[in-house]
Amino acid sequence: MTARRLSAAALAAAAIVGAVALPASAADHARPDRMRVEISAVQYDSPGREDRSRRSLNKEWVELTNTSRRTVNLDGWTLNNEDGDTYTFDHYRLEGRATVRIHTGRGHDTDSDLYMDRRNYVWDNHSDTATLRNDHARFIDDESWGGRHHHGGRHHGGDRHH
């Protein structure tokens with residue numbers, strides 16, 4: 001009798017461990033395609049003459065890339081510089097594996113190009129940080145250039161203007 005009870009107890013314990021391990025394993029399989037939006041490029045020094053014309057302002061931009069397969073709703077997300085100049089995304093969805101370019105100047109928004117509608121340059125040519133936050137003001141990504149930047153978070157390193 002004791003051997004049967006011991007066997008039954010061992011089987012019950014194994015079943016409980018198996019049931020507990022299964023959801024954890026299933027959760028691991030659901031994670032590979034987590035939402036991931038990152039600052040993929042920055043053109044902080046507008047090429048050519050900086051005369052604050054629409055053309056010159058729109059040659060200054062930040063690109064965001066959605067590296068996941070799923071569309072991400074960026075409504076309420078913000079992109080800002082160190083001086084606190086902020087662009088807030090309004091009713092914009094970034095498709096999976098897509099990139100959007102946010103221009104400083106004025107223009108008509110499309111799926112791949114958005115405009116801050118500013119009349120002055122936003123990104124400092126010598127040293128600045130572009131910071132992306134979600135609609136809950138949580139840090140998503142940043143990109144710094146210039147010599148004095150050592151912020152937390154993930155950096156892409158070096159001077160990056162394309």
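## Exercises on a predicted model

W61 counts as buried, at 6% relative accessibility; buried means under 20% relative accessible area, exposed over 50%, and partly exposed in between (1.4 Å probe, protein chains only). This is a predicted model, where local features need pLDDT of at least 70, side-chain atom pairs count only at pLDDT 80 or more, and totals for chains, interfaces and linings use all residues. Residues are numbered from 1 along each chain as its sequence is written, and side-chain values use heavy atoms, with hydrogens and water left out.

**Exercise 1.** Find the strand that holds W61, and state how far its C-alpha atom is from that of H103.

*Solution.* Step one: W61 is in strand 2. Strands (E, at least two residues) and helices (H or I, at least four) are DSSP runs, numbered from the N terminus. Step two: the C-alpha atoms of W61 and H103 are separated by 4.4 Å, with their positions 42 residues apart along the chain.

**Exercise 2.** Work out the order of the four-stranded open sheet, and name its edges.

*Solution.* Step one: the order is 1-2-7-8, and the pairing is mixed. Two strands pair if DSSP finds at least two bridges between them. Step two: strand 1 (37–43) and strand 8 (113–115) each have a single partner strand, so one side of each lacks a neighbour in the sheet. Step three: strand 1 and strand 2 (residues 61–66) run antiparallel, joined by six bridges. Step four: A41 stands opposite E63 in strand 2.

**Exercise 3.** Is T129 buried or exposed, and which side chains make polar contacts with its side chain?

*Solution.* Step one: T129 lies in strand 9 (residues 128–133). Step two: its relative accessible area is 3%, so T129 is buried. Step three: a polar contact is a pair of N or O atoms within 3.5 Å; within protein, one must be able to donate a hydrogen and the other to accept it, and residues adjacent in sequence count only if both atoms are side-chain atoms. The T129 side chain has such a contact with the side chain of E82 at 3.0 Å. It has another with the side chain of S144 at 2.8 Å.

**Exercise 4.** Place D117 and A137, and give the phi of each.

*Solution.* Most residues other than glycine have a negative phi. Step one: D117 sits in the loop between strand 8 and strand 9. Its phi is positive, about 60°, and at 47% D117 is partly exposed. Step two: A137 sits in the loop between strand 9 and strand 10 (139–145). Its phi is positive too, near 65°, and at 52% A137 is exposed.
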